[in-house]
Amino acid sequence: MELVTPAIGLVFWMLVTFSLLLFILKKFAWKPILTSMKEREETIEKSLQEAANARAEMQKLNQQNESLLAEARAEREAILKEAREIREKIVSEAKSAADEEAKRLIARANDEINNQKNAALDELKKEVAQFSLQIAQKLVGKELENNDAQKALIADQLSKLDQQQKATA
Amino acid sequence: MKFTVFVVNCAPIQKPAPNKQMPYFSVLFSISRLQKFLLSLLFYAFCAVSGYASADHAEAHHDEKNAHAEQKMDPGKMILEHISDAHDWHLWGHTSIPLPVILYTESKGLSVFSSAKFNHGHDAYLGFRLNEKNQVVWEDANNHAAIYDFSITKNVLAMFVAVIVLVLVMLSMAGSYAKRKGLAPKGLPNLIEPLIVFLRDEVAKSSIGPKYERFMPLLLSIFFFIFVNNLMGLIPVFPGGANVTGNIAVTMVLALVVFITVNFSGNKYYWKHIFAPDVPKAMYIIIVPIEILGVILKPFVLMLRLFANITAGHIIILGFFSLIFIFGAMNTGMGYAVSPLSVGFTLFMSFLELLVAFLQAFVFTLLTAIYIGMAVEEHHHAEHH
C-alpha cells in the first residue's frame, strides 16, 4: 500500500525541483533552442527561395542574352546584305558609265571618220577637176579657150558621176 | 507477473501519421544501440556483483549464527525494497551511501542528521527509528504525533542527478546554438533536435494548434524529465537504478502541474463544456458531475499510467533476476543453469524498457498536449447553437 501513498517529502522536493527545472530550462535552454531552430528553419526556407529566385533570374538573363545574340546576328545579316547591294549597284553603275563612254567614243570616232572621208572626197573632187582640166587642156590644147564653159561641163559630168556613185553606194 | 499491463493510451490520438513518426523512432533506436551494448555489459557486471553480494550476505549471516542462519531469499521483499524509496542508497552487500534525514515535528522542530545514525534500521536516534517499511517513526510506539519527513531520500537524490544531467545537457546544447549561429548543427543538437522537432511538430502543433508556442517549454520539460529519469532508472548501478518516475509522489506532482496548466489556460468554451454543455437542462444533474470528474480523472490517469508502467518494468526485470536466486536456493547447479535464461530474459526486458522509457515520456507529453489543446480550442461551431 505504501507504493501508492505519495510521501510528503518526495512531493515537496519534486515540486521544488521541477519548478526550478522548468524555470531554468525555459529561460536558458528552451527559449534559445526553439528560437535558434525557428531562425534556422526560416533561414533555410529563405535561402531556398532566394536560390529559386536566382535561378529564375539567370534563366531570364540567358533568354535576354540569346535574344540579344539573335538580334546582333540579324543586324549583321542586314548590314552584309546592304553592303552587297551597294557593291552591286556600284558595279552596275560603273558598267553603264563605261558603256556610255565607249558608245560616245565610238560615235565621235565615226563622226571623225565621216568628216575626214568627206573632206578627202571634196579634196579628191577638186583634184579630179583640176586633173581633168589639165588633161583636157593638154588634149585639146589651146582650142578650148572658153574655160568657163569647159569647167561647167566638167562639173556637170562630175556631179553626174557623183550621183552615180551615190546611187551605187 | 501481474504487472505486465502496459497502459499505453486511453485518449484518442488526433493525428496518427505513422509514416512521419517512423524516422524519429529509428533515430531513437540507432541512438540506443551503444546504450544497449553498455547496458548489457552493465547487466552482466551487475549479475556478477549480485551473486558475490548474496554470497557475502549469506556468509555474514552465518557468522551471526542467529535466526538469520538459514534465511532464504524473499524475492517479493527484495523487489519491493528496490522499487520503493529509501533513506540510504544501497550499493552492494552491506555497503550503502547514507543520505541526509530531514524531519519536522511539532515537539522537536527541525531535525537534520545522517541516515547512517539509524544503522540500517538497527538503531534509534533522537527518538526516531526506521520501521520495516523504511519509514521514519517514533521510537516510542505510543507516540502518534505527526512526523513530516523531508529527507533527501534515494529518489530525491536520483531526481537531483537526473535534473542536473538534463540541465547541463540542455544548456550545453543551447550554448552550441549560440556558438554556431547560422551554421549547420553539430554534435549534441543533432542528437536531441529530432526529439524536440518531433515534439514540436507532431505533438504540440497538431494537438494544441496555433497557440502551441506558449506551452512548448512545459511540454519539453515534462518529456525530458520523464525520459531522462526513465533511462537513469534502467541503469543498475549507483546514480541510476532508482525508481523515480515509478514513484506515485513524482507522477502526482507531474499530473498536478498538468492539471493546473490545463485548467488555468482553459477558455470560456472549455468551462462552458463542463458547466453548461449542449444538452437539455434536465441532463445537467448527470452530465455536470461527470464532466467535473473528468477534469480530475484526466491528470489522475496520467499519474497512474506512468507510475504503473515504470514500476512494472522494474518489477519484471528484478523478477527475472530473482529466478536465479530462487533456483539457486533450491540447488546451486540449478541456479547456474537458470542464469543464462534469466539474463537473456532480463536483456530482452531491458530493450523493451528502453522503448517504454521513451514511449511513456511521449505518451505523457502527448496526452498533456491533447488536454491543453482541448482547453484552449476555439469552438467556432458553438455559435450555431
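Me: To get my bearings, how many helices and strands does chain B have?

Reply: Chain B has nine helices and seven strands. Keep in mind that this is a predicted model.

Me: How much of chain B is buried?

Reply: Of the 385 residues in chain B, 34% are buried. You can also look at who touches whom along the chain: among contacts in chain B with a separation of 6 or more, 69% are between residues 24 or more positions apart.

Me: Let's try a sheet. What is the strand order in the open sheet of three strands?

Reply: The general idea comes first. Strands of a sheet pair through backbone hydrogen bonds, and the pairing is either parallel or antiparallel. Here the order is β4-β3-β7 in chain B, and the pairing is antiparallel.

Me: Which strands are at the edges?

Reply: Those are β4 (109-114) and β7 of chain B, each of which pairs on one side only. Now follow β3 (residues 100-105) of chain B: six bridges join this strand to β4(B), and the two run antiparallel. If you want a spot to click on, take B:Y104, whose bridge partner in β4(B) is B:L110.

Me: On to helices. At what angle do α4(B) and α5(B) pack?

Reply: In general, you describe two packed helices by the angle between their axes and the distance between the axes. For α4(B) and α5(B), the angle is about 120° and the axes are 11 Å apart. That angle is why α4(B) counts as oblique to α5(B). As for handedness, the crossing of these two helices is right-handed.

Me: Which residues make that contact?

Reply: From α4(B) come B:I196, B:L199, B:R200, B:V203 and B:A204, while α5(B) brings B:M216, B:L219, B:L220 and B:F223. Sorted by class, the contact of α4(B) with α5(B) has eight nonpolar residues, no polar ones and one charged.

Me: And between the chains, how many residues does each one give to the contact?

Reply: People often give the size of an interface as the accessible area lost when the parts come together. Let's go by residues instead. The contact takes 37 residues from chain B and 29 residues from chain A.

Me: Which elements of chain B give two or more residues to that side?

Reply: They are β7 (148-149), α3 (154-179), α4 (188-208), α5 (216-234) and α6 (248-264) of chain B. The most comes from α3(B), with 13 residues. By class, the side of chain B that touches chain A has 26 nonpolar, seven polar and four charged residues.

Note on methods: Residues are numbered from 1 along each chain as its sequence is written. Chains are lettered from A and ligands numbered from 1 in the order in which they are written. This is a predicted model: local features need pLDDT of at least 70, side-chain atom pairs count only at pLDDT 80 or more; totals for chains, interfaces and linings use all residues. Two residues are in contact if their C-beta atoms, placed from the backbone, lie within 7 Å. Helices (H or I, at least four residues) and strands (E, at least two) are DSSP runs, numbered from the N terminus. Ala, Val, Leu, Ile, Met, Phe, Trp, Tyr, Cys and Pro count as nonpolar, Asp, Glu, Lys and Arg as charged, and the others, Gly among them, as polar. Axes are lines fitted to C-alpha atoms, for helices over the stretch in contact, and angles run from 0 to 180 degrees between N-to-C directions. Angles under 35 degrees count as roughly parallel, over 145 as roughly antiparallel, 65 to 115 as roughly perpendicular and the rest as oblique. A crossing is left-handed if the near helix is turned anticlockwise from the far one by less than a right angle, and right-handed if clockwise. A residue is buried if 20 or more other C-beta atoms lie within 10 Å of its own, exposed if 12 or fewer, and partly exposed in between; C-beta atoms are placed from the backbone. Two strands pair if DSSP finds at least two bridges between them.
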